Amino acid sequence: MTKKSKSRDLDHLMEQNDTELSFLSAYGGLSNDEEDPSSIYSAVKRFLKAGGVKFEEKKQRIEFEFGYAQRVENGCKIYFKGRSLPLVNSDLMQTGFIDGKLPVRRGSCTVTIQSWDIEQRRFIERLVEHIKK
């Protein structure tokens with residue numbers, strides 16, 4: 001005797017809701033090209049735009065009031081400046097981050113993002129929220 005499942009198949013639910021949840025693409029991953037600097041740069045750009053950050057774009061670099069994001073050979077370099085940024089050095093050493101620099105007074109930070117995942121989104125979101133207070 002076959003037991004009927006009361007829950008829907010995950011693939012079916014994802015397919016059904018795909019068009020309804022398209023606005024979430026700014027927060028999603030990069031599918032199979034997580035190491036492609038252009039894709040990471042584009043994801044950062046979409047994420048900042050979705051977060052209401054105003055910026056100007058010039059040749060694979062976006063500049064905003066409190067820093068910039070720039071496509072580099074090995075990822076997307078991010079620079080933020082602000083007062084007492086809510087960071088510690090270990091924040092810049094997580095998986096997907098390289099070349100992190102945080103001065104002692106925490107008035108700025110620089111890091112290159114090499115993947116686009118929850119840690120990177122949380123990092124940028126936390127800094128934008130702190131600076132825009």
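## A walk through the chain, starting at S84

Let's begin with one residue: S84 has a relative accessibility of 42%, so it counts as partly exposed. Keep in mind that what you have in front of you is a predicted model. You can find S84 in the loop between strand 4 and strand 5. Look at its backbone too: phi of S84 is near 40 degrees, a positive value in a residue that isn't glycine. D99 does something along those lines, with a positive phi near 55 degrees, and it isn't a glycine either. D99 sits in strand 5, and with a relative accessible area of 47% it is partly exposed.

Now step back and take in the whole chain. It holds 3 helices and 6 strands. Reading from the N terminus, the elements go α-α-β-β-β-β-β-β-α. Of its 133 residues, 32% count as buried. If you take the contacts with a separation of 6 or more, 49% of them are between residues 24 or more positions apart.

Next, the sheet. How are the 6 strands ordered in it? They form an open sheet in the order 1-2-3-4-6-5, with antiparallel pairing. Strand 1 (55-57) and strand 5 stand at the edges, and each has a single partner strand, so one side of each has no neighbour in the sheet. On average, neighbouring strands are turned by 15 degrees against each other, if you ignore direction.

Let's follow the sheet from the strand 1 edge. Strand 1 and strand 2 run antiparallel and are joined by 3 bridges. One pairing to look for is E56, whose bridge partner in strand 2 is E63. These two strands make a hairpin with 3 residues between them, and K59 in that turn has a positive phi of about 45 degrees. Another hairpin follows: 2 residues connect strand 2 to strand 3. Strand 2 (residues 61-64) and strand 3 (residues 67-72) are antiparallel as well, and 4 bridges join them. Here you can spot I62, which has A69 in strand 3 as its bridge partner.

Strand 2 is also a nice place to see the two faces of a strand. In a regular strand, side chains alternate between the two faces of the sheet. In strand 2, I62 and F64 make up the covered face, while R61 and E63 make up the uncovered one.

What lies across the sheet? Helix 2 lies across strand 1, strand 2, strand 3, strand 4 and strand 6, and it runs at about 155 degrees to strand 3. Helix 3 packs on the sheet too, where it touches strand 4, strand 5 and strand 6; its direction makes about 20 degrees with that of strand 4.

Helix 3 deserves a longer stop. Its 14 residues (118-131) should span 20 Å at 1.5 Å a residue, and its end C-alpha atoms are 20 Å apart, which agrees. Which residues of helix 3 are buried? They are Q120, R121, F123, I124, L127 and V128. Around the axis they cover an arc of only 160 degrees, which means they sit on the same side of helix 3. Turn to the other side of the helix and you'll meet R122 and E129, which are exposed. As for what covers the buried residues, that includes helix 2 (37-50), strand 4 (75-81), strand 5 (97-101) and strand 6 (108-113).

Let's finish with a few buried spots. S108 is in strand 6. Its relative accessible area is 16%, and because buried means under 20%, S108 makes the cut. Leaving out residues up to four places away in sequence, S108 touches Y79, F80, K81, G82, L85, K101, L102 and P103.

Then there are two cysteines. Is C76 buried or exposed? Its relative accessibility is 0%, so C76 counts as buried. C109 comes in at 1%, so C109 counts as buried as well. And how many disulfides are there? The count comes to 0 disulfides.

Key: Residues numbered from 1 in each chain as written. Predicted model: local features only at pLDDT ≥ 70, side-chain atom pairs only at ≥ 80, totals over all residues. Heavy atoms only, no water. Expected span 1.5 Å × (residues − 1). Buried < 20%, exposed > 50% of the residue type's maximum accessible area, 1.4 Å probe, protein only. Arc of directions from axis to C-beta. Contact = heavy atoms within 4.5 Å. Disulfide = S-S within 2.5 Å. Pairing = 2+ DSSP bridges. Axes fitted to C-alpha atoms, helices over the stretch in contact; angles between N-to-C directions.
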